[in-house]
Structure formats: C-alpha cells, structure tokens
Amino acid sequence: MDQFTINLLFVGASFALYIGIAIWARAGSTSEFYAAGRGVHPVTNGMATAADWMSAASFISMAGLIAFTGYDNSTFLMGWTGGYVLLALLLAPYLRKFGKYTVSEFIGDRFYSQTARIVAVICLIVASVTYVIGQMTGVGVAFGRFLEVSNTSGLLIGACVVFAYAVFGGMKGVTYTQVAQYCVLITAYTIPAIFISLQLTGTPVPALGLFSDTASGEPLLTKLDAIVTELGFADYTAHHSNTLNMVLFTLSLMIGTAGLPHVIMRFFTVPKVSDARWSAGWTLVFIALLYLTAPAVGAMARLNITDMMWPNGGIAGGAVSVEEIDTDPRYDWMKTWQKTGLLDWEDKNGDGKIQYYNDQNADMQALAEEKGWVGNELTKFNRDILVLANPEIANLPGWVIGLVAAGGLAAALSTAAGLLLAISSAVSHDLVKGAINPSISEKGELMAARIAMAVAIVIATYLGLNPPGFAAQTVALAFGLAAASIFPALMMGIFSTRINNTGAVCGMLAGLTVTLVYIFLHKGWLFIPGTNSFTDADPLLGPIKSTSFGAIGAMINFAVAFVVAGMTKETPKEIVELVESVRIPRGAGAAQNK
C-alpha cells in the first residue's frame with residue numbers, strides 16, 4: 001500500500017470520527033451551543049481544552065521554530081504553559097462563578113455598560129480572527145502535504161471540513177470532538193518522537209533523550225551545537241536574542257493565554273466553580289505531555305536534517321548530491337514537500353551538490369568563496385513543515401507518517417473550531433441578542449451564530465493564504481492582542497472595584513489600538529504584504545518586536561483604566577457588592593474582618 005493511500009485511511013477515519021461525534025452531540029439549544037449545557041466533567045473539559053489550546057502553532061509550528069533557532073525560542077514553551085497557571089489561579093473559577101456564557105457578557109455586566117460589552121466583542125473578534133489565520137495556515141500546510149496538493153488547495157479543503165463540524169455541533173459537539181482530537185494528536189506527536197529518540201540516543205523518553213548521548217558517545221546537544229556552528233549558524237543552546245524582548249514576549253504569551261476568549265469559554269461548560277480550577281489543572285497535565293516532548297522533537301529533527309544535507313560527516317565530507325536527492329529513497333520526502341511549494345533547493349553553482357549553510361555569516365562567506373559556493377542552496381525550508389516531515393526524514397514506517405497526518409490536522413482543526421465558536425458566540429449572543437435585537441428567538445440566535453461562524457471561516461481562509469508569518473508567529477500576534485485588550489479588563493473586573501465602566505472601555509480601546517497599530521506597522525496594514533513601515537528585524541522601538549508588544553499594550557490598558565476611573569464617577573454600590581460576591585466565598589466576610 002502506497003503512502004498516499006495510508007494517509008487517506010488515517011485522515012479519513014479521523015474525520016469520520018469527528019463528524020460522527022458532531023452529529024451525535026449536535027447542539028439543540030443556546031445553552032448547549034454556547035456552554036455544552038454546563039455538564040462537562042473536569043477531566044473531559046481538561047482534555048478538550050488541551051486540544052483547543054494545542055493548535056497548529058503547538059503541534060505543527062512550535063518545534064520547527066525551536067529547531068531552527070534553539071534556546072531563544074524556548075519562550076514559546078515558557079509563555080504558553082505559564083499562562084495556564086495564571087488562568088487557573090486568577091480567572092477560571094471567578095468567571096465560572098459569575099455564571100455567564102461569554103467573556104463579553106461578563107465584561108458588559110461587570111462594567112454595567114453595553115458599550116463595554118461591544119468593545120469587548122470587538123477585541124475578541126480581532127484577537128480570534130488573527131488566531132484563526134494561524135490555524136488556517138497550519139491547515140493548508142497539513143492538507144497540502146498529505147493530500148499531495150498545493151498549499152492553497154489544502155487550505156480550501158480544510159476550511160470546508162471545519163465548517164462541517166463546527167457550525168452544526170456548537171460547544172457540545174466541539175467539546176467531545178476535541179476529546180477525540182486530543183487523543184489523536186498526542187499519540188501522533190509522541191510516537192514518532194519516541195522512535196526518533198530511540199534511533200539517536202537509545203532512550204525511549206524524548207525529553208530524556210534530549211540530554212542523552214548519541215551512538216558516538218557525544219551528548220546530543222553538544223553534537224548539534226558543533227554541527228550548526230560549523231555551518232555558520234548560531235549555537236543551538238546559547239542565548240543570542242535581546243533579553244528585554246525575550247522577557248516581554250514571554251509575558252505577552254502568558255497573559256495572552258489567560259485572556260484568550262476561546263480558552264476561557266471552556267470554563268463556562270463545567271457544572272461547578274471548583275470544577276473550573278480542576279479543569280485548568282487537568283489541562284496543564286495534558287498539555288505537558290506535548291510540551292515536554294517538543295524541545296526534543298526540534299533538536300533531533302535539526303540534527304537529522306543537517307546530517308541528510310551533509311551525509312559524509314560535515315563540510316569536509318561534502319554536501320548531498322542532486323543525484324542522491326533524485327534517486328535515494330531516503331530523500332523522497334524532499335520531492336514530496338517540494339510539490340507543496342514549502343520546500344525547495346537549487347544547485348546555484350552547478351557542481352551537482354546542494355550546499356546548506358548560513359550564507360549571511362562572514363566566516364562562511366570567506367569559506368564559500370574559497371570553495372566556489374555562491375550561497376545557501378537549500379533555498380526554502382518553511383518552519384511549519386518540520387513536525388509533519390519529521391517521520392519521513394527519520395525514515396519511519398508508513399503508518400507513523402499517516403498517524404502524524406491525522407494528528408496535525410486534528411491540532412489545527414480543533415483550535416480553529418474553538419476560535420470560530422468564540423467568534424460566533426460574541427456576534428450572536430453579545431452583539432445581536434445583547435445590543436441589536438434583545439427579543440430575538442433562540443432559533444434566530446442559533447442561526448445568527450452559525451452565519452457569523454461561516455463568515456469568520458471565509459475571512460480567515462482568505463487571510464490564511466498570505467499569513468503575516470509562520471503559524472506560531474501569527475498566533476503569537478493574537479496572544480499579544482488578547483494580552484493588551486481582554487486580560488486587563490478581566491483582571492480589573494475581578495480584583496478591583498474601583499475600575500468603572502468608563503475606565504474599562506478607555507483601557508481596552510487604548511490597549512487594543514496601540515498594539516494593533518504597532519503590529520500593522522511591522523506586519524502590514526490588515527496584514528497586506530508590502531504595506532509595513534518596519535520589520536521585526538528592525539523594530540520601531542529598539543529591540544521590541546511586534547510579537548512582544550502585547551505586554552506593553554497591557555500596561556497601557558491598566559494605566560489608562562486606572563487614570564480614567566480616578567477622574568470619573570465611582571463604581572455603583574451594587575456592582576461593588578457583585579464583584580465582592582464573585583471573589584469572596586459566602587461566609588468568608590467574618591473571617592476577613594478578624
């Protein structure tokens with residue numbers, strides 16, 4: 001059986017499972033559409049949240065960014081996992097106790113303002129649409145490779161699949177679909193990693209294999225450092241980027257995690273307040289299984305790729321020949337990925353070999369001149385393909401490759417569905433029912449939600465054709481927007497009775513506007529290529545890249561909210577009592593007064 005047929009079997013079986021679950025758990029009421037009837041067990045919710053969270057950015061893109069940068073991109077791991085600690089401790093139980101369906105509804109009621117609710121909807125839609133762009137980018141990569149079509153065709157096919165099960169299932173269908181998707185994606189991620197760890201180090205646990213010795217007796221990371229520095233790249237395990245930007249980026253990812261509406265919505269689905277905290281804890285457990293494996297996947301893949309491009313022991317042994325790529329079955333993966341347009345090479349100097357090295361390094365430029373090289377000949381290697389190509393690079397069995405195909409698609413589709421549900425809930429429940437037509441019927445509200453979701457899919461698919469970066473980089477922008485707009489409003493809404501409606505609205509608008517403008521200046525207005533004035537290689541504010549600016553946007557949000565609140569009317573007494581009742585358990589007042 002050829003690889004294409006194996007891929008179709010795995011992907012087809014997983015899709016049949018997802019769509020079957022969506023039909024079985026189809027939402028019949030607004031309560032089931034928005035919050036799954038508030039009947040989801042904490043463990044089930046933790047697994048579904050992990051799938052919602054471990055998107056194309058985590059499964060497909062993160063290990064690729066770590067592989068080609070090394071230590072500096074460990075910020076993705078620290079920021080994304082650290083954010084769940086904030087979510088579990090500071091937000092999840094209080095939001096569940098408030099008892100609403102959506103983040104916007106909480107903000108509107110807490111800040112006793114229809115304007116605050118509408119501004120929250122705008123912030124939510126901006127952050128979620130940016131996030132969906134990253135997911136659709138991953139969908140295009142995965143479908144393009146495993147259906148052996150172009151990236152564009154893969155993206156369009158993926159959009160249709162998302163529409164099929166997200167629009168009809170609602171939160172109830174999406175929840176149980178995501179449980180199945182978690183099982184698929186975590187199996188697909190860890191099995192190839194175990195195989196590769198055994199190949200390189202003899203250790204079955206990838207996280208331990210990362211710090212183990214290779215067959216030559218040399219530590220894996222030491223060997224990798226030696227190989228990449230020989231080719232003119234930076235040390236894999238050393239810190240090279242600006243520390244301030246690294247701290248801001250990590251902080252932006254952390255507070256962005258705690259402010260992401262599609263994740264917060266999951267904590268409205270559990271029966272009790274205590275279950276919300278348990279859900280966050282279980283989510284961390286399920287996420288840890290992938291996040292402890294990702295650094296090993298990145299390092300081992302980089303070592304395997306470099307060995308394939310220099311198969312005879314580095315520069316002294318010579319680069320891989322064009323003939324080997326064309327005839328050796330070990331290199332078939334390169335020709336397959338070339339069809340997607342995400343991988344390419346060119347024999348620039350006509351010597352019959354493909355030299356892979358850092359042609360921007362001064363020492364390598366001197367060596368290249370001496371040897372007659374005219375530049376790096378691995379001309380394109382999209383970081384988003386690494387995890388999906390990893391089993392092929394390591395020459396693993398065909399069923400493992402098919403499993404990874406299903407896992408990559410599960411990761412991208414599960415998060416896309418959660419995000420689209422957040423967008424549709426904001427539009428139908430908070431905008432249409434909450435502001436435009438409060439008397440709309442339940443059937444009409446569900447129809448509005450499904451139409452909003454369909455429109456969001458179309459927009460995200462269009463923008464996904466020309467994303468502002470790799471999947472994980474685009475997702476990082478969404479985290480920055482959530483960090484700058486939603487997270488401060490939630491924190492102030494729970495922990496400060498002084499912040500009034502005017503302060504909250506001004507804070508959200510200031511944080512969102514400043515962050516969005518900074519991103520557009522670096523990534524192009526509305527993400528249109530060629531309209532940017534700066535780049536992340538040469539940012540507007542010193543070392544601060546667009547992906548790190550969300551932390552500064554959050555500080556601006558807090559500052560503006562407190563200043564404006566101090567200059568305007570105090571929060572009404574009934575709202576103060578509401579906030580205190582949410583934050584302080586009944587019966588705790590006497591203990592607090594002692």
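This passage walks through the charged pairs, aromatic rings, polar contacts and surface features of a predicted model.

Salt bridges make a good starting point. Side chains of opposite charge can pair when their charged atoms come close. The structure holds 3 such salt bridges. In one of them, the side chain of Arg-330 meets that of Asp-328, with 3.4 Å from N to O. Arg-330 is partly exposed, at a relative accessibility of 37%. Another bridge joins Asp-332 to Lys-335, with an N to O distance of 3.2 Å. Both of these residues belong to helix α16, which covers residues 332–338, and they sit 3 residues apart, or about one turn of the helix. Asp-332 has a relative accessible area of 36% and is partly exposed. Lys-335 is also partly exposed, at 27%.

The salt bridge between Lys-523 and Asp-536 spans 3.1 Å from N to O. Lys-523 lies in helix α22 (residues 501–523), whereas Asp-536 lies in the loop between α22 and α23 (550–567), so this pair ties together parts that are 13 residues apart in sequence. How accessible are the two partners, Lys-523 and Asp-536? Lys-523 has a relative accessibility of 19% and counts as buried because the cut-off for that label is under 20%. Asp-536 is buried as well, with a relative accessible area of 17%.

The aromatic rings come next. The count of aromatic pairs comes to 16. One of these is formed by Phe-520 and Trp-525, whose ring centres are 5.6 Å apart and whose planes meet at 55°, a tilted arrangement. The two partners can be told apart by their surroundings: Phe-520 is buried at 10% relative accessibility, while Trp-525 is partly exposed at 39%. Elsewhere, ring pairs link Phe-76, Trp-80, Tyr-131, Phe-249 and Phe-479 into a cluster. In the 3D view, a student can pick out these five side chains and follow the links from ring to ring.

Rings also appear together with arginine side chains. Arg-302 lies over the face of Phe-233, at 5.1 Å from the ring centre. Arg-383 is placed over the face of Phe-68, and here the distance to the ring centre is 4.2 Å.

Polar contacts add further detail to the loops. Ser-548 is located in the loop between α22 and α23. With a relative accessible area of 0%, Ser-548 is buried. Which side chain does Ser-548 contact? Its partner is Asn-245, and the polar contact between the two side chains has a length of 2.8 Å. Thr-293 offers another example, from the loop between α13 and α14 (294–309). Thr-293 is buried, at 7% relative accessibility. A polar atom of the Thr-293 side chain lies 2.9 Å from the backbone oxygen of Leu-289.

The loop between α12 (261–264) and α13 (273–291) contains Phe-268. This phenylalanine counts as buried, with a relative accessibility of 1%. Phe-268 and Val-228 are 40 residues apart along the chain, and 47 Å separates their C-alpha atoms.

The backbone has some points of interest too. Asn-395 has a positive phi, near 60°, in a residue other than glycine. Asn-395 sits in the loop between α18 (386–393) and α19 (398–436). Is Asn-395 buried or exposed? At 57% relative accessibility, Asn-395 counts as exposed, because that label applies to values over 50%. Phe-527 likewise is not a glycine, yet its phi is positive, at about 65°. Phe-527 is part of the loop between α22 and α23. Phe-527 is buried, with a relative accessible area of 10%.

Finally, the surface carries a nonpolar patch formed by Met-447, Ile-451, Val-455 and Ile-459. Together these residues have about 360 Å² of accessible area. Ile-451, one of the patch members, is found in helix α20 (residues 442–464). The relative accessible area of Ile-451 is 49%, so the residue is classed as partly exposed.

Conventions:
Residues are numbered from 1 along each chain as its sequence is written. This is a predicted model: local features need pLDDT of at least 70, side-chain atom pairs count only at pLDDT 80 or more; totals for chains, interfaces and linings use all residues. Side-chain values use heavy atoms; hydrogens and water are left out. Patches are made of residues with over 30% relative accessible area and no salt bridge: like charges are joined within 9 Å, nonpolar side chains (Val, Leu, Ile, Met, Phe, Trp, Tyr) within 5 Å. Accessible areas come from the Shrake-Rupley method with a 1.4 Å probe; for residues, only the protein chains shown count as cover. A salt bridge is a side-chain nitrogen of Lys or Arg within 4 Å of a carboxyl oxygen of Asp or Glu. Helices (H or I, at least four residues) and strands (E, at least two) are DSSP runs, numbered from the N terminus. Buried means under 20% relative accessible area, exposed over 50%, partly exposed in between (1.4 Å probe, protein chains only). Rings of Phe, Tyr and Trp (its six-membered ring) pair if their centres lie within 6.5 Å; planes under 30 degrees apart count as stacked, over 60 as edge-to-face and the rest as tilted. A charge sits over a ring if NZ of Lys or CZ of Arg is within 6 Å of the ring centre and within 35 degrees of the ring normal. A polar contact is a pair of N or O atoms within 3.5 Å; within protein, one must be able to donate a hydrogen and the other to accept it, and residues adjacent in sequence count only if both atoms are side-chain atoms.
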